[in-house]
Amino acid sequence: MQITRVTPFILHVPVTGSQIADSTHSITHWGVVGAKIDTADGLSGYGFTGTHAHLPSDQLITRCIETCHAPLLIGEDAHDVHRLWRKLARDPALQWIGRAGITTLSLAAIDVALWDLKAKAAGVPLCKLLGGQVREKVRAYNTDIGWLSIADGQLVEGARRAVDQGFTGIKIKVGSTVERDLRRLAAVREAIGPDVTLAVDGNGKWDLASCLRFCRGAAPFDVFWFEEPLWHDDVKGHAQLARSTHIPVALGEQLYTADAFSEFFAQQAIHWVQPDCTRMGGLTEVLQVCEAAHAFRLPVAPHAGDMSQVHVHLSYAHPACEVLEYIPWIKDCFTDPAEVVDGHFRLPQRPGAGTTPTDAAWSRYRQPTA
């Protein structure tokens, strides 16, 4: 399965409604920035990272794919995913300019495309290639109803509607003011009742003092986890928070390497592990994190930075994965979308990683790569 061509691409897909916001970001579109890898056998694999659909920075990633990583792949055997990951991740010139950021996002797209190719060549869904199905169902929790930009009444109504649709997990955003967020948390808990898990996500906005005050006020509402409460790299602060509250600490979507996760494990600063195939160096490195988390008996909830296309395969195949985020922005852009039925992700059926764009998405959302 000799690689003959690597072609970058960019799709900009509208988010729910016209705009969403959390404590640190406000966007109107989601960027699907990736690579198509062609082989001499006539197969094509697709992989991508997720962005805020900022075209100039998206084009930095596609330029890295085209000019830095692609030349290292031409002529290689696409079956050798792990060897090719090391070749790209440890290339001296690229390692010198960045072990995270643009080079890692480029690597993520390529690594996922290679896994997609490998599964297509085997004629099986990626989850089968990863060892097969280890659970009957993957429970979904709905984040798309919980943005800070949603007014209080709409937030409550959206939470009720999600539960009526079969979701047994809800996540809402926090990070505005402690008082407002506690009021919204209380209203949602009252609306959905005690049997639905309710998580919160701060997107790294608050300091430790604010987090501690919020956690004290949130104690009556049985919070499933507090995600990204502090700045993403603040290991010490997360460890202090984890020791100071009964609310489990969740994080990982902004960590780029397995080494970064290792420090959080070592400092007992994390309870729920949330790696992202599109943020790290693809599925190959996320699998390392899942194995490490499993060794520490820590549950994994993959971050849906790719809106679940790859992570649904991972969640069905890896025993550490327990729940998966549902954000539907880009699911209909793919031939095998990540669909939720009765609160659980459908088991993927088609060969590959679920990352092949539809013709309609390709023509409607494609952007110039340079």
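**Exercise 1.** Classify K36 and its salt-bridge partner in this predicted model as buried, partly exposed or exposed.

Solution. K36 has a relative accessibility of 23%. Buried requires under 20% and exposed over 50%, so K36 counts as partly exposed. The partner is D38, and the closest N and O atoms of the pair are 3.8 Å apart. A salt bridge requires such atoms within 4 Å. D38 has a relative accessible area of 14% and is therefore buried.

**Exercise 2.** Determine which elements the salt bridge between D152 and R183 connects.

Solution. The closest N and O atoms of D152 and R183 are 3.3 Å apart. D152 belongs to helix α6 (residues 152-164) and R183 to helix α7 (residues 178-192), so the bridge ties together parts 31 residues apart in sequence. D152, at 28% relative accessibility, is partly exposed. R183 is partly exposed too, at 47%.

**Exercise 3.** Repeat the analysis for K173 and D201, then find the network they belong to.

Solution. In this salt bridge the closest N and O atoms are 2.7 Å apart. K173 sits in strand β7 (residues 169-173) and D201 in strand β8 (residues 197-201), so parts 28 residues apart in sequence are tied together. Both residues are buried. Through shared partners, salt bridges join K171, K173, D201, E227 and E325 into one network. The whole structure has 17 salt bridges.

**Exercise 4.** Decide how the compactness of the protein chain compares with that of a globular protein of its length.

Solution. The chain contains 13 helices and 15 strands. Its radius of gyration is 20 Å, close to the 21 Å from the globule rule for 370 residues, so the chain is as compact as a globular protein of that length. Buried residues make up 60% of the chain.

Note on methods
Residues are numbered from 1 along each chain as its sequence is written. This is a predicted model: local features need pLDDT of at least 70, side-chain atom pairs count only at pLDDT 80 or more; totals for chains, interfaces and linings use all residues. Side-chain values use heavy atoms; hydrogens and water are left out. Helices (H or I, at least four residues) and strands (E, at least two) are DSSP runs, numbered from the N terminus. The radius of gyration is taken over C-alpha atoms; the globule rule is 2.2 Å times the number of residues to the power 0.38. Buried means under 20% relative accessible area, exposed over 50%, partly exposed in between (1.4 Å probe, protein chains only). A salt bridge is a side-chain nitrogen of Lys or Arg within 4 Å of a carboxyl oxygen of Asp or Glu.
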